[in-house]
Amino acid sequence: MNEFQSPPKWRWFGVVGTLIACVAILSASAAAIVVINRTEPTAKQIKATRKSAALVEAMTVKRGTFSPTLRVLGTVQAAQEIVLSPRVSGQVVEVSPQFLPGGRVRKGDLLLRIDPADYENALSIQESELEQTEASLKIEEGRQSLAQKELRLLEGTIDDTNRELVLRAPQIASIRAEVNAAKAAVERAKLDLARSSVFAPFDAQVISRSVNVGSQVSPGDELARLVGIDEYWVSAALPVRSLRWVQFATSEQPGSNVTLLNPDAWPLGTQKQARVARMIGTVDERTRLAQVLVTVPDPLGETSDTPPLILQSLIEVQIEGRAMKDVVRLDRRYVREGDTVWVMQEGQLQIRDTEVLFRDAEYAYIGEGLQSGDEVVTTTLATVAEGVGLRKINEVASVIPGEAAAANSSRDEADDEISEDAAE
């Protein structure tokens with residue numbers, strides 16, 4: 001048989017049938033797409049409305065006078081701090097038992113004693129020289145008495161200049177000067193002897209000590225570092241915009257009240273009271289914050305049960321600001337985006353623009369936009385729109401017992417209805 005012989009006619013009929021079936025399937029698909037597009041429902045934009053009022057909680061606000069609380073961190077510093085140095089040289093022969101790091105001393109307490117032997121000897125020598133010069137003065141005064149008797153015999157023959165020489169006035173003046181110098185030397189020796197004993201200059205706590213018995217010291221050497229215990233300072237950093245709410249101490253009135261807290265180190269509820277003293281006239285170069293100085297009396301708790309402050313430690317500072325009159329104090333959570341507040345009026349939601357004068361850590365202080373008696377919505381709504389119907393949960397509970405228990409689920413269902421209305 002010839003390889004190139006034409007295929008049978010039945011094969012051609014099969015190919016043609018397959019093509020016809022494909023065309024029929026494509027035509028049916030195109031027709032179905034056209035029908036679906038023509039019969040698809042058209043989405044229409046409608047205003048979302050609630051089928052029932054949303055259940056919310058609301059609080060009634062009142063205008064009044066309130067003081068904001070400024071919460072910042074501060075650093076504890078010493079109000080009095082000195083480096084104690086001796087004023088005479090010598091060997092330390094005695095040290096007080098309280099003169100050690102952490103010890104507390106009172107003004108006038110003996111801290112240490114330098115060997116006084118040399119200064120006692122020097123005092124004895126100066127006292128002897130004083131006695132000698134005083135004796136010389138008495139001898140010269142006796143000579144002057146004799147000269148006065150002789151002068152009476154020569155009265156009228158000696159002029160005034162020679163008269164003083166005869167009366168030995170220059171010699172008397174010289175010896176009196178020597179007596180005064182000897183007295184000063186004695187006082188200096190007494191002073192050096194007194195300075196061999198070093199006393200506490202004020203009520204203080206010993207931070208460090210650099211000497212012990214046997215140490216050789218001289219003027220300018222460091223003996224110890226002392227800090228006063230009557231008062232500490234706390235340096236607090238505040239934003240510059242917050243300074244106008246702080247009352248600084250003046251001659252007429254004290255500074256703002258301050259509460260110090262240290263929850264990490266102090267027992268729960270423990271706090272110390274202090275006062276704002278003054279503003280340090282500089283701004284920190286890194287933080288651009290102003291420095292405010294707070295004074296803390298009795299920092300070590302000697303007259304109270306409060307824990308002692310630790311120098312250079314960080315502590316929470318709560319400053320009571322100036323009183324703000326005729327404002328509404330509202331929890332910061334209830335001030336919405338753009339300083340707006342949700343208000344319930346006649347069963348509908350109103351979105352009020354407000355003027356927030358100041359915010360502290362907890363509250364916003366509102367000057368304009370709210371009046372006494374306004375009911376601020378405290379419930380967070382999923383959808384917010386002017387005029388949305390609202391109902392208070394406590395009102396529902398008084399009408400339908402048991403409905404208040406399901407208030408949360410009711411609010412969710414009401415919010416779902418808005419979504420369903422918008423999608424229809």
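The exercises below, each with a worked solution, concern a predicted model of a protein chain.

**Exercise 1. Overall make-up**

Determine how many helices and strands the protein has, what share of its residues is buried, and what share of its contacts is made by residues 24 or more positions apart.

*Solution.* Begin with the secondary structure, which comes to six helices and 24 strands. Next take the accessibility of the protein, in which buried residues make up 34% of the 424 residues. Finally turn to the contacts with a sequence separation of 6 or more, of which 75% are accounted for by residues 24 or more positions apart.

**Exercise 2. The surroundings of Arg-336**

Establish where Arg-336 lies and which partners its side chain has, given that Arg-336 is buried yet has no salt bridge.

*Solution.* First locate the residue: Arg-336 belongs to the loop between β18 (324-331) and β19 (340-345). Then look for an opposite charge; the nearest such side chain is that of Asp-331, which is 9.2 Å away, whereas a salt bridge requires the nitrogen and the carboxyl oxygen to be within 4 Å. Now consider other polar partners, where the side chain of Arg-336 is found to reach the backbone oxygen of Val-377 at 3.2 Å. Consider also the aromatic rings: the charged end of Arg-336 sits over the ring of Trp-342, at 4.0 Å from the centre of that ring. To complete the picture, list the contacts, leaving out residues up to four places away in sequence; these are Trp-342, Val-377, Thr-378, Thr-379 and Thr-380. A further arginine placed over a ring is Arg-329, whose charged end sits 4.5 Å from the ring centre of Tyr-363.

**Exercise 3. The aromatic pair**

Identify the one aromatic pair that a search of the whole structure finds, and describe its geometry and its position in the chain.

*Solution.* The search of the whole structure yields one pair, and its members are Trp-245 and Phe-358, with 5.8 Å from centre to centre and 55° between the planes. The angle is neither under 30 degrees, as stacking would need, nor over 60, as an edge-to-face arrangement would need, and the pair is accordingly classed as tilted. As for position, Trp-245 is found in the loop between β13 (231-238) and β14 (257-261), while Phe-358 is in strand β21 (residues 355-359), so that the pair links distant parts of the chain, 113 residues apart. Both Trp-245 and Phe-358 are buried.

**Exercise 4. Two strand residues, Thr-295 and Glu-375**

Decide for Thr-295 and for Glu-375 whether the residue is buried or partly exposed, and find what each touches.

*Solution.* Thr-295 is part of strand β16 (residues 290-297), and because its relative accessible area is 16%, it is buried. Its C-alpha is 5.5 Å from that of Arg-275, a residue 20 positions away in sequence. Beyond its neighbours within four places, Thr-295 is in contact with several residues, among them Arg-275, Tyr-232 and Trp-233.

Glu-375 has its place in strand β23 (residues 375-377), and because its relative accessibility is 22%, it counts as partly exposed. With neighbours within four places set aside, its contacts include Ala-58, Met-59, Thr-60 and Trp-342. The side chains of Glu-375 and Lys-392 are joined by a polar contact of 2.9 Å. Along the chain Glu-375 and Glu-57 are 318 residues apart, yet their C-alpha atoms are separated by 9.3 Å.

**Exercise 5. Salt bridges**

Count the salt bridges, and work out which parts of the chain are tied together by the bridge between Arg-104 and Glu-302.

*Solution.* The count comes to 13 salt bridges. In one of these, the side chains of Arg-104 and Glu-302 meet at 3.3 Å, N to O. Arg-104 lies in strand β7 (residues 104-105) and Glu-302 in the loop between β16 and β17 (314-320), so this bridge ties together parts that are 198 residues apart in sequence. Glu-302 also bridges to Arg-106, with the closest N and O atoms 3.3 Å apart. That second pair again links distant parts of the chain, since Arg-106 sits in the loop between β7 and β8 (110-114), 196 residues from Glu-302. Another bridge joins Asp-339 and Arg-359 at 2.4 Å, N to O; Asp-339 lies in the loop between β18 and β19 and Arg-359 in strand β21, so parts that are 20 residues apart in sequence are tied together. Lastly, follow the shared partners: they join Arg-104, Arg-106, Asp-203 and Glu-302 into one network of salt bridges.

How values were computed:
Residues numbered from 1 in each chain as written. Predicted model: local features only at pLDDT ≥ 70, side-chain atom pairs only at ≥ 80, totals over all residues. Heavy atoms only, no water. Helix = DSSP H or I, 4+ residues; strand = E, 2+ residues; numbered from the N terminus. Buried < 20%, exposed > 50% of the residue type's maximum accessible area, 1.4 Å probe, protein only. Lys, Arg positive; Asp, Glu negative; His and termini not counted. Polar contact = N/O pair within 3.5 Å; in protein donor to acceptor, adjacent residues only side chain to side chain. Contact = heavy atoms within 4.5 Å. Phe/Tyr/Trp six-rings, centres within 6.5 Å; stacked < 30°, edge-to-face > 60°. Lys NZ or Arg CZ within 6 Å of the ring centre and 35° of its normal.
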